[in-house]
Amino acid sequence: MTICPHCDAEYDVPTIFVSAPAGALPQDGDAVLCVRCGEWCIYDDADSYGLRKPNRREARLLTGDPRSQFIREAWHDFTATRN
Ligand SMILES: [Zn+2]
């Protein structure tokens, strides 16, 4: 089980990965979008909860990656239509 470091949501398996192929389990260092709070997390085997907040370098990479921007915007659009 993993726990989002931003909002404490618990997941059996994290949901959206940027760097892993579709259907693959996350690897150390993969970016994961929390579907509850829409914040990016980094999958980390060494962390007891499996996820940690991105460090400054990872946050910069995510901000500059069009794929991560697209996924986050899609998440915002999706949650906006549900509320
Ligand atoms: Zn979260």
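Helices and strands here are DSSP runs, counted off from the N terminus, with at least four residues for a helix and at least two for a strand. With that in hand, let's look around this predicted model. The protein has two helices and six strands, and from the N terminus they come in the order β-β-β-β-β-β-α-α. Two loop residues, A9 and D28, get a closer look below: A9 sits between β1 and β2, while D28 sits between β3 and β4.

**The overall picture**
- Of the 83 residues in the protein, 17% are buried.
- Take the contacts between residues at least 6 apart in sequence: 44% of them link residues at least 24 apart.

**The nonpolar core**
- The largest nonpolar core has ten residues: C4, A31, V32, L33, C34, W40, C41, I42, Y43 and L51.
- Which elements give two or more residues to this core? They are β4, covering 31-33, and β5, covering 40-43.
- β5 chips in the most, with four residues.

**Helix α2**
- Helix α2 runs over residues 66-82, so it has 17 residues, and at 1.5 Å a residue it should span 24 Å.
- The C-alpha atoms at its two ends are 24 Å apart, which agrees with that expectation.
- How many of the 17 residues of α2 are buried? The count is zero, so to speak plainly, α2 is hardly covered.

**A9, in the loop between β1 and β2**
- You'll find A9 in the loop that joins β1 (2-3) to β2 (10-11).
- A9 counts as partly exposed because it has 16 C-beta neighbours inside 10 Å, and being buried would take 20 or more.
- Setting aside residues up to four places away in sequence, A9 touches C4, C34, R36 and C37.
- Two of those partners, C4 and C34, also belong to the largest nonpolar core.
- A9 and C34 are 25 residues apart along the chain, yet their C-alpha atoms are separated by 8.0 Å.

**D28, in the loop between β3 and β4**
- D28 lies in the loop between β3 (16-17) and β4.
- Is D28 buried or exposed? D28 is exposed, because 10 other C-beta atoms lie within 10 Å, and the cut-off for exposed is 12 or fewer.
- If you skip its neighbours within four places in sequence, D28 is in contact with Y43, D44 and D45.
- One of these, Y43, is also a member of the largest nonpolar core.
- D28 and I42 are 14 residues apart in sequence, and C-alpha to C-alpha they are 7.8 Å apart in space.

Terms used: Residues numbered from 1 in each chain as written. Predicted model: local features only at pLDDT ≥ 70, side-chain atom pairs only at ≥ 80, totals over all residues. Core = buried A, V, L, I, M, F, W, Y, C linked by C-beta atoms within 7 Å. Contact = placed C-beta atoms within 7 Å. Expected span 1.5 Å × (residues − 1).
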